[in-house]
Amino acid sequence: MTDTNAPIGVFDSGIGGLTVMKEIMHQIPDEKIIYFGDTARVPYGSKSRETVTKFSRQIVHFLESQHVKAIVVACNTASAYALDELERETEVPIIGVVKPGARVASEVTKNGKIGVIATAATISSAIYSSYIKKKKPDVEVIERACPLFVPLVEEGLWRDPVTDEIARRYLAELIDIDIDTLVLGCTHYPLIRETIGRIMGERVTLVNPAYETARELKELLQREELLRKVRPALGDNQYQFYVSDASEKFKQFANSIIKYGILSAKTLNVEGY
């Protein structure tokens with residue numbers, strides 16, 4: 001029987017998945033979490049399905065070695081390319097970020113026009129469109145790759161005229177089409193949600209898969225009777241962070257997102273798993 005006090009494993013190609021972790025920390029505050037960011041091999045968005053699946057499999061093996069009770073694939077590209085295989089290969093419950101966001105988008109749209117913005121890899125996989133149409137076949141899904149958003153976020157340009165200008169160019173087509181729902185299909189994008197929301201206007205509902213994934217994880221843990229019963233004691237190392245490279249840069253960025261006071265991020269050669 002799985003130990004309810006075991007940690008949850010969360011992984012991403014780099015730092016964007018911290019938006020998912022932040023939501024999990026907020027919605028299920030008693031849980032212990034181990035986060036792995038593959039900062040040495042980021043980005044996943046420009047790599048093949050085979051490579052992303054191989055990388056994801058290595059990280060899952062590492063998290064399994066830490067005896068996690070559930071795994072969250074906090075990366076849209078890995079969710080699109082690798083999740084099905086990972087589900088078949090591991091006995092630990094595992095969820096991605098695509099299905100929760102797609103489900104909510106299909107539920108909240110009123111005019112049947114849904115926009116999806118994401119990396120080029122996620123858009124080319126058409127994974128959001130596929131899931132949304134399974135839930136609501138008669139909707140129109142318009143997908144738009146926004147490759148410059150990730151480097152802008154990672155440079156800390158969350159509220160900057162450059163980000164505003166790039167966002168206006170990317171989103172103009174979606175405004176013209178008159179969508180009423182927009183999925184933030186990359187875990188970096190919630191960090192510029194304010195900019196995106198201002199440009200799209202109040203009539204457009206923004207769907208944040210990070211929030212929806214944390215909600216789905218909580219429901220999964222409740223269903224499987226895996227929710228932790230008590231909060232970890234002080235000094236119990238509730239949150240652990242691992243990266244494959246650039247731990248100091250990761251730590252600084254993580255503290256700007258989570259504001260938890262992350263003291264360290266351990267560097268790990270995940271290729272050995």
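**Exercise 1.** Let's start with the inside of this predicted model: find what percentage of the 273 residues of the protein chain count as buried.

*Solution.* Step 1: a residue is called buried when its relative accessible area is under 20%. Step 2: applied to the 273 residues of the protein chain, this gives 57% buried. Step 3: now look at the outside, where the chain exposes about 12300 Å², with carbon and sulfur atoms supplying 49% of that area.

**Exercise 2.** Work out why the chain can be called as compact as a globular protein of its length.

*Solution.* Step 1: count the elements, and you will find 12 helices and 10 strands in the protein chain. Step 2: the radius of gyration is 18 Å, while the globule rule gives 19 Å for 273 residues; these values are close, so the chain is as compact as a globular protein of that length. Step 3: for its extent, the C-alpha trace spans about 50 × 35 × 35 Å along the principal axes.

**Exercise 3.** Trace the open sheet of six strands and give the strand order.

*Solution.* Step 1: reading across, the order is β4-β3-β1-β2-β9-β10, and the pairing is parallel. Step 2: β4 (94-96) and β10 (266-267) are the edge strands, since each pairs on one side only. Step 3: zoom in on β1 (residues 8-12) and β3 (residues 70-73), which are joined by four bridges in the parallel sense. Here V10 has V72 in β3 as its bridge partner.

**Exercise 4.** Find which strands helix α2 lies across.

*Solution.* Step 1: α2 (residues 49-65) lies across β1, β2 (33-37), β3, β4 and β9 (239-243). Step 2: its direction is at about 155° to β1. Step 3: helix α11 (residues 209-223) also packs on the sheet, touching β1, β3 and β4, and makes about 160° with the direction of β4.

Conventions. Residues are numbered from 1 along each chain as its sequence is written. This is a predicted model: local features need pLDDT of at least 70, side-chain atom pairs count only at pLDDT 80 or more; totals for chains, interfaces and linings use all residues. Side-chain values use heavy atoms; hydrogens and water are left out. Two strands pair if DSSP finds at least two bridges between them. Helices (H or I, at least four residues) and strands (E, at least two) are DSSP runs, numbered from the N terminus. Contact means heavy atoms within 4.5 Å. Axes are lines fitted to C-alpha atoms, for helices over the stretch in contact, and angles run from 0 to 180 degrees between N-to-C directions. The radius of gyration is taken over C-alpha atoms; the globule rule is 2.2 Å times the number of residues to the power 0.38. Buried means under 20% relative accessible area, exposed over 50%, partly exposed in between (1.4 Å probe, protein chains only). Accessible areas come from the Shrake-Rupley method with a 1.4 Å probe; for residues, only the protein chains shown count as cover.
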